[in-house]
Amino acid sequence: MVVLMKYLLFAILAASAGATAARATQQQPQVIEIYVERFSFTPSEFRVKAGAPIEIRLRSDDTDHGFRIVGTDVNVAIPKRGKGVATVTFVPPQPGKYVFECSKLCGAGHSFMRGAFIAE
Ligand SMILES: [Cu+2]
C-alpha cells in the first residue's frame with residue numbers, strides 16, 4: 001500500500017510537470033518540491049536514485065535565496081516569494097550523500113541553511 005501511494009504521488013507530480021504519460025518511465029525525472037525560507041529547506045533530506053534524473057523545484061517563502069549542491073557546478077538563484085520557482089535538473093552520478101546549501105547571504109542564520117540528499 002505504501003509503495004502504491006508513493007507511485008501515485010510520483011504520477012501526480014509527473015503530471016503536474018506537464019508530462020503526458022501517466023506511467024513513470026526512466027526518462028522522467030523524479031520531482032522534488034522544496035520550500036525555502038530563513039533559515040531552512042523543507043524537506044532538507046530526501047532519497048533519490050543514483051544515475052537517474054531528478055528535478056528539484058525551489059520556492060521561497062520570504063526573501064531571495066540560493067541553492068548550491070556542494071562539489072558540483074549546480075548553483076541557482078531562488079527568487080523571493082511570489083516571484084517564481086527555480087528549477088534544477090541533476091543526475092547524481094554515483095551513490096552517496098550530496099550536501100546542498102543556500103548560496104545567497106540571506107541573514108544571520110544563512111550558514112545553517114543546509115540539507116542533503118542520499119542517492120542510492
Ligand atoms: Cu542564505
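In the protein chain, residues 24 or more positions apart account for 55% of the contacts with a separation of 6 or more. The model is a predicted one. The chain has 120 residues, of which 33% count as buried. One helix and nine strands are present, and their order from the N terminus on is α-β-β-β-β-β-β-β-β-β.

The largest nonpolar core comprises 23 residues. Phe41, Ile56, Leu58, Phe67 and Phe117 are the residues with the most contacts inside this core. Two or more core residues come from each of several strands, including E1 (30–37), E3 (45–48), E4 (54–60) and E5 (65–69). Strands E7 (86–90), E8 (96–101) and E9 (114–119) also give two or more residues each. When neighbours within four places in sequence are left aside, Phe117 is in contact with Phe46, Val48, Ile54, Ile69, Phe90, Pro92, Gly96, Lys97, Tyr98 and Phe100.

Aromatic residues were examined next. The structure holds nine aromatic pairs. In one of them, the ring centres of Phe90 and Tyr98 are 5.9 Å apart and the ring planes meet at 75°; the pair is therefore edge-to-face, since planes over 60 degrees apart fall in that class. Both Phe90 and Tyr98 are buried. These two residues belong to one aromatic cluster, together with Phe41, Phe46, Phe67, Phe100 and Phe117. Phe117 thus appears in the aromatic cluster and among the residues with the most contacts inside the largest nonpolar core.

The model also contains a copper ion, coordinated by Cys102 through SG, Lys104 through O, Cys106 through SG and His110 through ND1. The distances to these donors are 1.9 to 2.5 Å. Along the sequence, the donor residues follow the spacing C-x1-K-x1-C-x3-H. The four donor atoms subtend angles of 83 to 124° around the copper ion, and the arrangement is therefore irregular. A tetrahedral assignment would require all angles to lie between 85 and 135 degrees, and the range at the copper ion begins at 83°.

The accessibility of three of the donor residues was also computed. Cys102 has a relative accessibility of 4% and counts as buried. Cys106 is likewise buried, because its relative accessible area is 8% and the cut-off for buried residues is under 20%. Lys104, in contrast, has a relative accessible area of 40% and is partly exposed. The structure holds zero disulfides; the SG atoms of Cys102 and Cys106 are instead listed among the donors of the copper ion.

Note on methods
Residues are numbered from 1 along each chain as its sequence is written. This is a predicted model: local features need pLDDT of at least 70, side-chain atom pairs count only at pLDDT 80 or more; totals for chains, interfaces and linings use all residues. Side-chain values use heavy atoms; hydrogens and water are left out. Donors are N, O and S atoms within 2.8 Å of the metal (3.2 Å for Na, K and Ca); water is not among the atoms, so sites may look incomplete. Four donors count as tetrahedral if all angles lie between 85 and 135 degrees; four count as square planar and six as octahedral if opposite donors are over 155 degrees apart and all others between 65 and 115; anything else is irregular. Buried means under 20% relative accessible area, exposed over 50%, partly exposed in between (1.4 Å probe, protein chains only). A disulfide is a pair of cysteine sulfur atoms within 2.5 Å. Rings of Phe, Tyr and Trp (its six-membered ring) pair if their centres lie within 6.5 Å; planes under 30 degrees apart count as stacked, over 60 as edge-to-face and the rest as tilted. A nonpolar core is a set of buried Ala, Val, Leu, Ile, Met, Phe, Trp, Tyr and Cys residues joined through side-chain atoms within 4.5 Å. Helices (H or I, at least four residues) and strands (E, at least two) are DSSP runs, numbered from the N terminus. Contact means heavy atoms within 4.5 Å.
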